[in-house]
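Please prepare a guided tour of backbone geometry for a reader who has the structure open in a viewer. State at each stop what to select and what is found there.

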Amino acid sequence: MNVPAAFDACLPMEAMVVERTQESPTIFTLQLRLNDAAAQAAYRFKPGQFNMLYLVGVGEVAISIMSDPEDLHWIGHTIRAQGRVTQGLAALKPGDSLGLRGPYGRGWPLQEMEGRDIVLVMGGLGCAPTVSVIHYILRRRSRYGKLTIVQGVKHAKDMIWREQYARWATLPDTQVLVASDEGAALWPWHVGRATDLFTQARFNPDYAVAMMCGPEGMMRAAAEILTGRGLPEAQIYLSMERNMQCAVGRCGHCQLGGLFVCQDGPVFNWGQVKSLLEHRGV
Amino acid sequence: MFCGSDHAGFLPHEQLSSLVASLMALRYRCLGPAVENGAIVMRELSAPDALPRGLQTVQAPGRYQLTQDPHNRYFAWTNGPQAIKPHAFAPEESLWRAERNEQGRLQFKAVEPEAPALALIGVRACDLAALALQDAHFLRETQPDAHYAKRRAQLFLVAVQCAEPGATCFCASTGDGPTPHAGYDIALAELPDGFVTVAGSPRGAEVLKSMNLQPATPNQIEAAEQQGQTAADSQKRRLPGRNLRDALMSSLEHPEWDKVAARCLACGNCTAVCPTCFCHAEVDEPGLGGHETGHVRVWDSCFGESHGHLHGFNVRPDTRSRYRQWLIHKLATWHDQYGRSGCVGCGRCISWCPVGIDLTEEVAVLVSSEEQP
């Protein structure tokens, strides 16, 4: 049996925290740089892909990449301090080191989407992988049509990057629709479900494409509304989240039906996963 | 396997030890059946003539018991809890180590396993089929697993035809046994006075050639074939088809899932004994000094709390969804991944289930249209 296999195929690289930003009480962004200059120079990814970040002695966690793919100086991750590893990552300071391997998975097919109206549907921290899409599109604005950003959060305090959203709302051909299930004082946007706002969304279903990221219930509801407005299923994409430990389709935790989310996804076409998401616990 | 074979030899019972001796001379560590904690496991043979005779088992849902073979054969026993899987997909495997050097820099080093050459004597057709499925998973061209590949390349497999399948066996219905078809180096069919013997690989042929066996007679070959057919015909359990994908995927809300979940303890025994289950967790094992840590993979089970754990919620929070995941993956979505069912009919999940849940019975209910909601 002669299979060429490298023992170091899944070996992390050393990365250093270059900058750390506290986005909300529990959400933070780490800008990382690989310590090996050649590795950093060779590092390429597509929006929607993810890295495995490794905290020494604790373990690894899959985090999507939120920086711009053409920014070759650092690799950005926005993380919620929630579990053992992410709480440890939250304690890192500029200059601290950690492990990084990646990028893994399939990203958004952004080149195929050129020329189309773009609808982005984001829930909670689902905004991290899609915010990188917004940056990507804004830097290549002429290649895309109207941009509609729909963002839902559970509570007003979960809404990060508020200034950014307000600024995007002022751009031409760009619509920003934000909703929070629970409002708060000075909350400038809608109180209720993000899906309530779709009636206001201005896009042409004949040449639009949607990208969704967030809780599965929200994405299912959004897909139903979007298809109801005439958007073909084939023009709806979503990013899925599952327990990922190996990131190369081997450990089995991320299976969704016959799909390995880490490898076949995390970005899927809606039609690929629609029937599976109809059943709780698949 | 034996039918129409021009090269089948005959190995008298008293010469079985010379086959083991030949493998030992080739520096294989030879593993054969041994009794441990009341079950048959594969353990290293101390000497060429150390293979036990007369072992047999009685198996039923939730039941495994050692008995004595009245004919005192070498391989009258059916499968114990494990055979090949742990020797290629190790239950615990060190993948890499992380160290912080004196300058505080992190260094990562791959760990290459010590993998001695092993000859497994007495493996069965179901487990050869299972190994082929594990190969398909771990040795995919796009991302072959080096640890698995190294251990796998070291295996020399001496297969045995099952003459008396256990009551929980259903390999005939999955098409994987009871006679080995492929994937072995040497295959044996045990007759009252010896073994019809064929090679399945060049290195297996080398070993047999060096033993100068007499050719098997047409009668012996015919007896081996007949024995395999009788063994297949004797199996009472079966799956209702080889491709149950669509039938099961349209039964995801069948009431039977609730009924089986009420019995299932979610202990994970079925996944631990299944020869095709590949799920594993990756965990860190920090050294006490704080400067180094090991990164290890260990077998995991889809019945465990942590398998579907995601920050803040669990994808499969209850036994119903976990049992469904195990069965649907094994019999339905495996087709999507590797072009066939992930079940080889070994029956271990039935024997080793503490409450005797029978996969074949569950499937029969799930795909029968009358009980659909």
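Begin by selecting Pro103(A), which belongs to strand β6 of chain A, a strand covering residues 97-104. Extend the selection backwards to Gly102(A): the peptide bond from Gly102(A) to Pro103(A) is cis, and its omega lies near 0 degrees. The model is a predicted one.

Next, move to chain B and select Pro178(B). This residue sits in the loop that runs between α5 (171-174) and β10 (186-191) of chain B. Display the backbone from Gly177(B) to Pro178(B), where the peptide bond is cis with omega near 5 degrees.

Return to chain A and select Asp173(A). Its location is the loop between α4 (162-169) and β9 (174-182) of chain A. Inspect the backbone torsions here: phi of Asp173(A) is near 55 degrees, a positive value in a residue other than glycine. Is Asp173(A) buried or exposed? Within 10 Å there are 12 other C-beta atoms; because a residue counts as exposed at 12 or fewer, Asp173(A) is exposed.

The final selection is Leu186(A), in the loop between β9 and β10 (190-191) of chain A. What is the phi of Leu186(A)? The angle is near 65 degrees, which is positive, and the residue is other than glycine. Display the surroundings of Leu186(A) as well: 6 other C-beta atoms lie within 10 Å, and the residue is exposed.

Key
Residues numbered from 1 in each chain as written. Chains lettered and ligands numbered in written order. Predicted model: local features only at pLDDT ≥ 70, side-chain atom pairs only at ≥ 80, totals over all residues. Helix = DSSP H or I, 4+ residues; strand = E, 2+ residues; numbered from the N terminus. Buried ≥ 20, exposed ≤ 12 C-beta atoms within 10 Å, placed from the backbone.
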